[in-house]
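Okay, thanks everyone, let's get going. I'll put the model up and then walk you through it.

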Amino acid sequence: MVSKLRVLIAYLSYSGNTKEVAEILHRKLDEEGFSVDMHRIGADAPFCPEDYTYIFIGTFTWDRGSTPDEVKDLVLEIGYKPANIAIFGTGDTQFGGDHLFCRAVDRLSRFYHSPWDGLKIEQSPRGSQERKVEKWVEGVLQHDKSFA
Ligand SMILES: Cc1cc2nc3c(=O)[nH]c(=O)nc-3n(C[C@H](O)[C@H](O)[C@H](O)COP(=O)(O)O)c2cc1C
């Protein structure tokens, strides 16, 4: 029997928007044939990054463009920069406009030298933005087949 490739979706969500994006990713990756583990940042036991073909990290943005402390703690916990990290997040342009919109996504993508542009969703992904999430993950899976 051929075992499925494993992917991890680690996310932080206070009011549910980033969780909704994580759930769309989960469904899509499931459909693509991956074995998907969900990790609630700051709540679940540590994971082993080496176990995963792709690691998706999701965060909202806080406090004038800041990355939440729980996500910074996760970065320390991972302890190195895996080459297979893709970043997604939610934000709200009402908190500082385009300049601060989803800044945590930009910061993390840069930190990890992620080969993929980060996914930025305005508030809830429900409706038209759902397709944006699906297209983004399709792009991640196509970008570099050598990970798979
Ligand atoms: C106090 C506060 C500050 C915020 N600051 C920003 C910000 O600087 N940039 C941004 O894009 N969104 C900002 N937001 C919006 C949240 O990132 C957005 O609502 C996000 O979807 C929340 O994610 P969650 O539902 O997964 O918790 C802020 C929200 C609050 C309540």
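Before I point at anything, one term: when I say polar contact, I mean a pair of N or O atoms within 3.5 Å. And keep in mind that what you see is a predicted model.

So, with that term in hand, let's start at the ligand. A polar side-chain atom of Thr90 sits 2.7 Å from an oxygen atom of the ligand, so that pair falls within the 3.5 Å cut-off. Two other residues come in through their backbones. Thr61 has a backbone N or O atom 2.7 Å from a ligand oxygen, and for Cys102 a backbone N or O atom is 2.9 Å from a ligand oxygen. How much of the ligand does the protein bury? Taken alone, the ligand exposes 650 Å², and the protein buries 83% of that. Altogether 20 residues surround the ligand, and the closest are Ser13, Tyr14, Ser15, Thr18 and Thr90.

Now let's zoom out to the fold. We have five helices and five strands in the chain. If you trace from the N terminus, the order is β-α-β-β-α-β-α-α-β-α. Of the contacts between residues at least 6 apart in sequence, 75% join residues at least 24 apart. For overall dimensions, the C-alpha atoms fill a box of roughly 50 × 35 × 25 Å along the principal axes. The radius of gyration is 14 Å, and a compact globule with 148 residues would be near 15 Å, so the two agree.

What about the inside? Buried residues account for 47% of the 148 in the chain. In soluble globular proteins, nonpolar side chains tend to be buried together. Here, the largest nonpolar core has 22 residues, and the ones with the most contacts inside it are Ile9, Leu25, Leu29, Tyr54, Phe56, Phe88 and Trp136. Several elements supply at least two residues each: strand 1 (6-11), helix 1 (17-31), strand 3 (54-60), strand 4 (85-91), strand 5 (119-122) and helix 5 (128-143). If you want one residue to click on, try Leu25. Leaving out residues up to four places away in sequence, Leu25 touches Ile9, Phe56, Phe88, Val133, Trp136 and Val137. There is also a second, separate core of 20 residues, including Ile41, Ile85, Phe101 and Val105.

And the outside: the chain exposes about 7900 Å², with carbon and sulfur atoms supplying 48% of that.

Last stop, the loops. Go to the one between helix 4 (103-111) and strand 5, where you'll find Trp116. Is Trp116 buried or exposed? Its relative accessible area is 5%, and the cut-off for buried is under 20%, so Trp116 counts as buried. A polar atom of the Trp116 side chain lies 3.3 Å from the backbone oxygen of Val140. The C-alpha atoms of Trp116 and Val137 are 9.8 Å apart, with their positions 21 residues apart along the chain.

His113 lies in the loop between helix 4 and strand 5 too. This one is exposed, with a relative accessible area of 62%, and its phi is near 50°, a positive value in a residue other than glycine. Gln123 also has a positive phi, near 60°. You'll find Gln123 in the loop between strand 5 and helix 5, and at 35% relative accessible area Gln123 is partly exposed.

That's my tour, so over to you.

How values were computed:
Residues are numbered from 1 along each chain as its sequence is written. This is a predicted model: local features need pLDDT of at least 70, side-chain atom pairs count only at pLDDT 80 or more; totals for chains, interfaces and linings use all residues. Side-chain values use heavy atoms; hydrogens and water are left out. A nonpolar core is a set of buried Ala, Val, Leu, Ile, Met, Phe, Trp, Tyr and Cys residues joined through side-chain atoms within 4.5 Å. Buried means under 20% relative accessible area, exposed over 50%, partly exposed in between (1.4 Å probe, protein chains only). Helices (H or I, at least four residues) and strands (E, at least two) are DSSP runs, numbered from the N terminus. Contact means heavy atoms within 4.5 Å. A residue is near a molecule or strand if one of its heavy atoms lies within 4 Å of it. A polar contact is a pair of N or O atoms within 3.5 Å; within protein, one must be able to donate a hydrogen and the other to accept it, and residues adjacent in sequence count only if both atoms are side-chain atoms. Accessible areas come from the Shrake-Rupley method with a 1.4 Å probe; for residues, only the protein chains shown count as cover. The radius of gyration is taken over C-alpha atoms; the globule rule is 2.2 Å times the number of residues to the power 0.38.
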